[in-house]
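Dear colleague,

Please find below the structure that I am handing over to you. My notes on what was found in it follow directly after.

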Amino acid sequence: MSNHWLLIETFGGDVAPTIIGIGTTPKRMVPLRSILGRGRSLQAVEAVVAKVTASRAPAELVTQDGQRRALGEPLLSYRGDVHGVWVWVGQVDEMPPTRGSAGAWHFNLSTDTIGGSDDLLEIGRASCRER
């Protein structure tokens with residue numbers, strides 16, 4: 001997994017997060033265990049997702065054996081909620097690859113409003129005046 005970032009959605013409340021992207025390849029809400037198995041990487045990914053979701057800030061965790069690390073970066077919605085977490089797991093001394101781009105949006109059908117994150121607007125190349 002060390003050559004790709006995972007994008008994991010976190011908007012399910014009590015529902016377990018799922019993988020919605022591997023590198024630049026979209027996935028259809030695949031359970032973490034289906035991709036990561038049951039080993040150390042699964043535990044590290046679950047822990048870093050929980051930490052990033054709770055703190056709304058990037059996090060780094062080292063596995064108990066000290067050989068691997070998990071990096072997590074939040075994908076924030078326009079309201080500042082953690083919509084997803086970018087996760088990379090690799091050797092402690094390994095540099096992560098460049099991660100892809102993603103953005104978060106929210107549709108409220110009751111109020112007929114749509115909001116997008118800064119990341120989403122950058123992908124769409126919206127100027128600061130258009131935001």
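**Overall architecture**

The protein contains three helices and eight strands. Read from the N terminus, these elements follow the order β-β-β-α-α-β-β-β-β-β-α. Please bear in mind that this is a predicted model. Its mean pLDDT is 85, and 85% of the residues reach 70 or more. Confidence varies between the elements: strand β4 (residues 59-62) has the highest mean pLDDT, at 96, whereas helix α3 (residues 118-123) has the lowest, at 63.

Of the 131 residues, 34% count as buried. The accessible surface amounts to about 8,200 Å², and carbon and sulfur atoms make up 51% of it. Among contacts with a separation of 6 or more, 41% are made by residues 24 or more positions apart.

**The nonpolar interior**

In soluble globular proteins, nonpolar side chains tend to be buried together. In this model, the largest nonpolar core consists of 19 residues, and Ile8, Ile19, Leu32, Val45 and Val87 have the most contacts inside it. Two or more residues of this core come from each of β1 (6-9), β2 (18-22), α1 (32-36), α2 (40-55) and β6 (82-91). The greatest contribution is that of α2, which supplies six residues.

Leu32 may serve as an example when you inspect this region. Beyond its neighbours within four places in sequence, Leu32 is in contact with Ile8, Pro17, Ile19, Gly37, Leu42, Val45 and Glu46. Apart from this core there is another, made of eight residues, which include Leu7, Leu71, Trp86 and Ala102.

**A nonpolar patch on the surface**

Nonpolar residues are also found on the outside. Phe107, Leu109 and Ile114 form a surface patch of this kind, and together they have about 400 Å² of accessible area. Of these residues, Phe107 belongs to strand β7 (residues 105-108).

**Salt bridges**

How many salt bridges does a search of the whole structure find? The search returns three.

One of them joins Arg56 and Asp81, whose closest N and O atoms are 3.7 Å apart. Arg56 sits in the loop between α2 and β4, and Asp81 in the loop between β5 (68-76) and β6, so this salt bridge ties together parts that are 25 residues apart in sequence. Both residues are partly exposed: Arg56 has a relative accessible area of 47%, and Asp81 one of 27%.

Another salt bridge is formed by the side chains of Glu73 and Arg99, with an N to O distance of 2.7 Å. Because Glu73 lies in strand β5 and Arg99 in the loop between β6 and β7, the pair links parts that are 26 residues apart in sequence. Here too both partners count as partly exposed, Glu73 with a relative accessible area of 27% and Arg99 with 32%.

The side chains of Arg69 and Glu60 also meet in a salt bridge, at 3.2 Å from N to O. Is Arg69 buried or exposed? With a relative accessibility of 11%, Arg69 falls under the 20% limit and therefore counts as buried. Its partner Glu60, at 44%, is partly exposed.

**Two loop residues**

Two positions in loops may be of use as you find your way around the model.

Asp81, already named as the partner of Arg56, is in contact with Arg56, Leu75 and Leu76 when residues up to four places away in sequence are not counted. Asp81 and Thr10 are 71 residues apart along the chain, yet their C-alpha atoms are separated by 9.6 Å.

Thr63 is located in the loop between β4 and β5. Its relative accessibility is 14%, so Thr63 counts as buried. Which residues does Thr63 touch, leaving out those up to four places away in sequence? They are Ala44 and Arg68.

When you go through the structure, I would suggest reading helix α3 with its mean pLDDT of 63 in mind.

With kind regards

Key
Residues are numbered from 1 along each chain as its sequence is written. This is a predicted model: local features need pLDDT of at least 70, side-chain atom pairs count only at pLDDT 80 or more; totals for chains, interfaces and linings use all residues. Side-chain values use heavy atoms; hydrogens and water are left out. pLDDT is the predictor's confidence in each residue, from 0 to 100. Helices (H or I, at least four residues) and strands (E, at least two) are DSSP runs, numbered from the N terminus. A nonpolar core is a set of buried Ala, Val, Leu, Ile, Met, Phe, Trp, Tyr and Cys residues joined through side-chain atoms within 4.5 Å. Buried means under 20% relative accessible area, exposed over 50%, partly exposed in between (1.4 Å probe, protein chains only). Contact means heavy atoms within 4.5 Å. Patches are made of residues with over 30% relative accessible area and no salt bridge: like charges are joined within 9 Å, nonpolar side chains (Val, Leu, Ile, Met, Phe, Trp, Tyr) within 5 Å. Accessible areas come from the Shrake-Rupley method with a 1.4 Å probe; for residues, only the protein chains shown count as cover. A salt bridge is a side-chain nitrogen of Lys or Arg within 4 Å of a carboxyl oxygen of Asp or Glu.
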